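User: Please take a close look at the site where the ligand is held, and then follow the structure outward from there. A connected account would serve better than a list.

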Amino acid sequence: MTTILETERLILRLQRAADIDTLINLWSDPAVTHYLGGPRERDWLRTEFEEVGRNPAAEQYDLWPVIEKDSSQLVGNCGLLDKDIAGKTEIELIYVFAAGAWGNGYATEIGRALIQHAFEALELERLIALIEPENAASERVAQKVGMRFDREVIRPDDARRKLYVIEKAAAHASV
Ligand SMILES: CC(C)(COP(=O)(O)OP(=O)(O)OC[C@H]1O[C@@H](n2cnc3c(N)ncnc32)[C@H](O)[C@@H]1OP(=O)(O)O)[C@@H](O)C(=O)NCCC(=O)NCCS
């Protein structure tokens with residue numbers, strides 16, 4: 001079973017060999033990575049994605065390809081990653097889409113589905129998002145999926161991030 005979840009317009013599934021070139025284009029795009037630490041080096045990305053390809057289901061928390069049902073194209077890389085926040089392990093919701101796919105409500109659609117997946121299938125109690133303070137589109141998505149601003153944090157690389165949070169009880173109350 002390679003599908004992690006499905007929404008009205010999108011499928012989130014495990015990585016396949018044919019995804020690698022598109023994933024490299026995504027993570028080396030200056031516009032996409034502007035608020036995410038900048039473009040990654042293409043050879044490094046290929047090594048990383050080939051490593052994932054050897055066992056695509058190895059990680060419980062990972063970023064997975066997002067496929068647009070209408071076009072069957074890979075349009076994003078979204079998922080859940082574990083992060084150390086001031087000594088506590090938190091699970092972060094991450095949404096990254098190719099620039100051509102922005103503005104369709106896709107991040108909101110996959111974000112809501114991932115939150116439901118995290119709370120129901122994975123039985124998590126809480127998710128966070130770490131948002132670059134100038135990344136207004138990302139902050140708007142966090143708000144639309146029901147997350148609330150908690151505080152600002154300084155990451156180990158000295159980067160300032162807005163910490164957004166959603167808790168299971170609050171998510172259910174707002175449905
Ligand atoms: C952030 C990102 C995921 C949003 O994806 P998307 O599919 O376009 O998001 P949605 O269409 O679901 O919602 C975007 C919202 O932000 C708003 N928005 C977009 N650009 C904006 C801006 N510059 N300032 C303020 N709001 C903005 C949109 O109007 C929309 O809100 P609305 O529905 O109230 O009108 C996408 O731009 C992206 O992949 N960016 C690069 C990667 C990244 O920064 N990811 C976030 C960090 S994990």
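The account that follows begins at the ligand and moves outward through the protein.

Analyst: The model is predicted, and every value below is computed from it. The ligand comes first, followed by the parts of the chain that lie beyond it.

The shell around the ligand holds 20 residues, of which Phe97, Gly103, Thr108, Arg140 and Lys144 come nearest. By class, 12 residues of this shell are nonpolar, six are polar and two are charged. Strand 5 (88–97), helix 3 (106–120) and helix 4 (136–144) each contribute at least two residues to the shell. Helix 4 gives the most, with six residues.

Individual atom pairs give a more detailed view of the ligand. A polar backbone atom of tyrosine 95 is 2.8 Å from a nitrogen atom of the ligand. On the oxygen side, tryptophan 102 places a polar side-chain atom 3.2 Å from an oxygen atom of the ligand. Arginine 140 has an N or O atom in its side chain at 2.8 Å from a ligand oxygen atom. On its own, the ligand has 970 Å² of accessible area, and the protein covers 70% of this.

Helix 4, the main supplier of the shell, also leads away from the ligand by way of glutamate 139, which is found in this helix. Glutamate 139 counts as buried because its relative accessibility is 13%, below the 20% limit for that class. Not counting residues up to four places away in sequence, glutamate 139 touches Ile131, Pro133, Lys162 and Tyr164. With one of these, lysine 162, the side chain of glutamate 139 forms a polar contact of 3.1 Å.

Lysine 162 itself is found in strand 8 (residues 160–167), and this residue too is buried, with a relative accessible area of 18%. Beyond residues up to four places away in sequence, lysine 162 touches Ala129, Leu130, Ile131, Pro133, Glu139, Phe149, Arg151 and Glu152. Ile131 and Pro133 are therefore among the residues touched by lysine 162 and also among those touched by glutamate 139, under a contact limit of heavy atoms within 4.5 Å.

Tyrosine 35 comes next, in the loop between helix 1 and helix 2. Its relative accessible area of 26% makes tyrosine 35 partly exposed. The residues touched by tyrosine 35, leaving out those up to four places away in sequence, are Glu132, Glu134, Asn135 and Arg161. The C-alpha atoms of tyrosine 35 and glutamate 132 are separated by 6.1 Å, although their positions lie 97 residues apart along the chain when counted as separation in sequence. The side chain of tyrosine 35 also reaches the backbone oxygen of glutamate 134, at 3.4 Å.

The helices on either side of that loop can be described in turn. In helix 1 (residues 20–27), the buried residues are Ile20, Leu23, Ile24, Leu26 and Trp27. Seen down the helix axis, the buried residues of helix 1 fall within an arc of 160°, so they line one face of the helix. An α-helix has 3.6 residues a turn, so residues three or four places apart point the same way. The partners against which the buried residues of helix 1 pack are helix 2 (42–54), strand 3 (63–68), strand 4 (74–85) and strand 5. Strand 5 is thus a packing partner of helix 1 as well as a supplier of residues to the ligand shell.

Helix 2 contains glutamate 48, a partly exposed residue with a relative accessible area of 38%. The C-alpha atoms of glutamate 48 and glycine 37 are separated by 17 Å, the two residues being 11 apart along the chain.

Two loop residues complete the account through their backbone angles. Most residues other than glycine have a negative phi. Alanine 86, in the loop between strand 4 and strand 5, has a positive phi near 50°. With a relative accessible area of 78%, alanine 86 is exposed. Aspartate 158 likewise has a positive phi, of about 75°, although it is not a glycine. The loop that holds aspartate 158 runs between strand 7 (148–154) and strand 8, and aspartate 158 is exposed, with a relative accessible area of 63%.

Conventions
Residues are numbered from 1 along each chain as its sequence is written. This is a predicted model: local features need pLDDT of at least 70, side-chain atom pairs count only at pLDDT 80 or more; totals for chains, interfaces and linings use all residues. Side-chain values use heavy atoms; hydrogens and water are left out. A residue is near a molecule or strand if one of its heavy atoms lies within 4 Å of it. A polar contact is a pair of N or O atoms within 3.5 Å; within protein, one must be able to donate a hydrogen and the other to accept it, and residues adjacent in sequence count only if both atoms are side-chain atoms. Accessible areas come from the Shrake-Rupley method with a 1.4 Å probe; for residues, only the protein chains shown count as cover. Helices (H or I, at least four residues) and strands (E, at least two) are DSSP runs, numbered from the N terminus. Ala, Val, Leu, Ile, Met, Phe, Trp, Tyr, Cys and Pro count as nonpolar, Asp, Glu, Lys and Arg as charged, and the others, Gly among them, as polar. Buried means under 20% relative accessible area, exposed over 50%, partly exposed in between (1.4 Å probe, protein chains only). The arc is that of the directions from the helix axis to the C-beta atoms.
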